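Open the model in your viewer and keep the selection tool at hand. Each stop below says what to pick and what is there.

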Amino acid sequence: MPLSHRSTLTQFLIEERRRFPGASGDFNSLILDVALACKAIARVVAFGELGGVLGNHGADGDGNGGTVNVQGETQKKLDVLSNNVFIRRTEWSGHLAGMASEEMDGPYQIPAQYPRGKYLLVFDPLDGSSNIDVNMSVGSIFSILRAPPELADSGRDAVEADFLQPGTRQVAAGYALYGPSTMLVLTVGNGVSGFTLDPNMGEFMLTHPSIVVPADTQEFAINASNSRFWEAPVKRYVDECLAGRTGARGKDFNMRWIASMVAEAHRILMRGGVFLYPRDTRDPQKPGRLRLLYEANPVGFIVEQAGGRASTGREPVLARQPASLHQRVGFVFGSKNEVERIERYHTEPAPRAIDNPLFAERSLFRD
Ligand code: AHG
Ligand code: MN
Ligand code: MN
């Protein structure tokens, strides 16, 4: 095989760091530890049924029941295992002051035998885990924040409030996608880079430098089974997409729904598109499905760094001040012009056609 001309993730990070001569290297080693966690999870996922890791965590002999996380969702074995892999691979290094994850009720404290550091790691260890038992793509999502200086200096335990930082304060964010190939997509606030895991070497190789999301698209992703709960601006947007060439948009749209947000995000980074999991009226306790700190913020940071837009539907998601660790939020992201249109629909008055069928798109009375 010819010698690869591609950079490894390690080389990429060291070359990035040269732009900051004072940097200690802590940050790079933290990213490499996270990347190692993702490689370990990729191997476990790849064994599927053979690895004995499918199904619910804590289920009985018939596969029924099991443990439930703080979100009220049944945990898969792989949710718990991936969470433990993230912890074990990163807790020892001295770079972290604490962690938080979808699968843990509160902050994880760095064990006393290890030094504590200046960063916080927040993650969704396995996104799209309802897909795991049917061998569809899943992934891991992570976000790195600075620990408040007083936490880093005092060495006290991390508390929820330390993590409640808006997405604009993220130092880095990334995801791993365990698909036909395993990829790591990363931003350190200077564009977005994609790496493919070389299974021969066990190294992430830079295959997608400078990922850019096209500003326009004709592809959208939404779980249409929730349509009866959607708010009017979302209904309007989707109706217009469905109306295609003969409707207000004057062009046909295609639709995709994988039910694995990390996989949808990757498709959108590769070829454009718009993803919506909007706030809806299904459950007043849950304003949206996705979680702000470890799903929307990291994916939002990546998408914006790639020139796309990430929104709650109303305002930039990265500007939202989090109120709790597991807070949910409406989330719309992707090609900039579509996301801006959806935001506009949330602020402008509904078109008359919605109020009065006489003024509908192809009505005789349309003005
Ligand atoms: P998780 O597996 O981490 O709980 O997240 C699943 C999320 C997201 O990946 C996906 O877009 C969404 O849930 C799917 O929700 P529906 O089942 O409502 O379509
Ligand atoms: Mn998730
Ligand atoms: Mn998850």
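This is a predicted model. Start with the aromatic rings.

**Stop 1: F86 and F123.** Select F123. This residue is buried, at 0% relative accessible area. Add F86, which is buried too, with a relative accessible area of 0%. Show both rings. They form a stacked aromatic pair, 4.5 Å centre to centre and with 10° between the planes. Now colour by secondary structure. F86 belongs to helix 3 (residues 77–90) and F123 to strand 2 (residues 119–127), so the pair ties together parts 37 residues apart in sequence. In total, the structure holds nine aromatic pairs.

**Stop 2: W257 and F275.** Move to the next pair. W257 and F275 are stacked, with 5.4 Å between centres and 20° between planes. W257 sits in the loop between strand 9 (254–255) and helix 7 (261–271). F275 is in strand 10 (residues 274–277), and the two partners are 18 residues apart. Is each ring residue buried or partly exposed? W257 is partly exposed, at 27% relative accessibility. F275 is buried, at 1%.

Widen the selection to Y277, F331 and F333. Ring pairs link these three with W257 and F275 into a cluster.

**Stop 3: A259.** Stay in the loop between strand 9 and helix 7, where A259 lies. Check the backbone here. Most residues other than glycine have a negative phi. A259 has a positive one, near 65°. The residue is partly exposed, with a relative accessible area of 35%.

**Stop 4: helix 7.** Select the helix and show a surface on the rest. Nine of the 11 residues of helix 7 are buried, so the helix is largely enclosed by the rest of the structure. The buried set is M261, V262, A263, E264, A265, H266, R267, I268 and L269. Step just past the helix to G272, which takes a positive phi of about 85°.

**Stop 5: helix 7 against helix 8.** Add helix 8 (residues 292–305) and draw both axes. They are 11 Å apart, and the helices pack at an angle of about 10°. An angle under 35 degrees counts as roughly parallel, and helix 7 and helix 8 are therefore roughly parallel to each other.

Which residues of each helix make the contact? Helix 7 supplies M261, A265 and L269. Helix 8 supplies E295, V299, I302 and V303. By class, the contact has six nonpolar residues, one charged residue and no polar ones. The spacing has a background: an α-helix has 3.6 residues a turn, so residues three or four places apart point the same way.

**Stop 6: R279.** Go to the loop between strand 10 and strand 11 (290–291) and pick R279. The residue is partly exposed, at 34% relative accessible area. Show its contacts. Beyond neighbours within four places in sequence, R279 touches E231, P287, G288, R314 and G330. For a distance check, pick the C-alpha atoms of R279 and G66: they are 29 Å apart, with these positions 213 residues apart along the chain.

**Stop 7: R236 and Y345.** Select both side chains. R236 lies over the face of Y345, 3.6 Å from the ring centre.

**Stop 8: N135.** Finish in the loop between strand 2 and strand 3 (138–146), the location of N135. N135 is exposed, with a relative accessible area of 72%. Its phi is near 60°, a positive value in a residue other than glycine.

Definitions and conventions:
Residues are numbered from 1 along each chain as its sequence is written. Chains are lettered from A and ligands numbered from 1 in the order in which they are written. This is a predicted model: local features need pLDDT of at least 70, side-chain atom pairs count only at pLDDT 80 or more; totals for chains, interfaces and linings use all residues. Side-chain values use heavy atoms; hydrogens and water are left out. Rings of Phe, Tyr and Trp (its six-membered ring) pair if their centres lie within 6.5 Å; planes under 30 degrees apart count as stacked, over 60 as edge-to-face and the rest as tilted. Helices (H or I, at least four residues) and strands (E, at least two) are DSSP runs, numbered from the N terminus. Buried means under 20% relative accessible area, exposed over 50%, partly exposed in between (1.4 Å probe, protein chains only). A charge sits over a ring if NZ of Lys or CZ of Arg is within 6 Å of the ring centre and within 35 degrees of the ring normal. Axes are lines fitted to C-alpha atoms, for helices over the stretch in contact, and angles run from 0 to 180 degrees between N-to-C directions. Angles under 35 degrees count as roughly parallel, over 145 as roughly antiparallel, 65 to 115 as roughly perpendicular and the rest as oblique. Contact means heavy atoms within 4.5 Å. Ala, Val, Leu, Ile, Met, Phe, Trp, Tyr, Cys and Pro count as nonpolar, Asp, Glu, Lys and Arg as charged, and the others, Gly among them, as polar.
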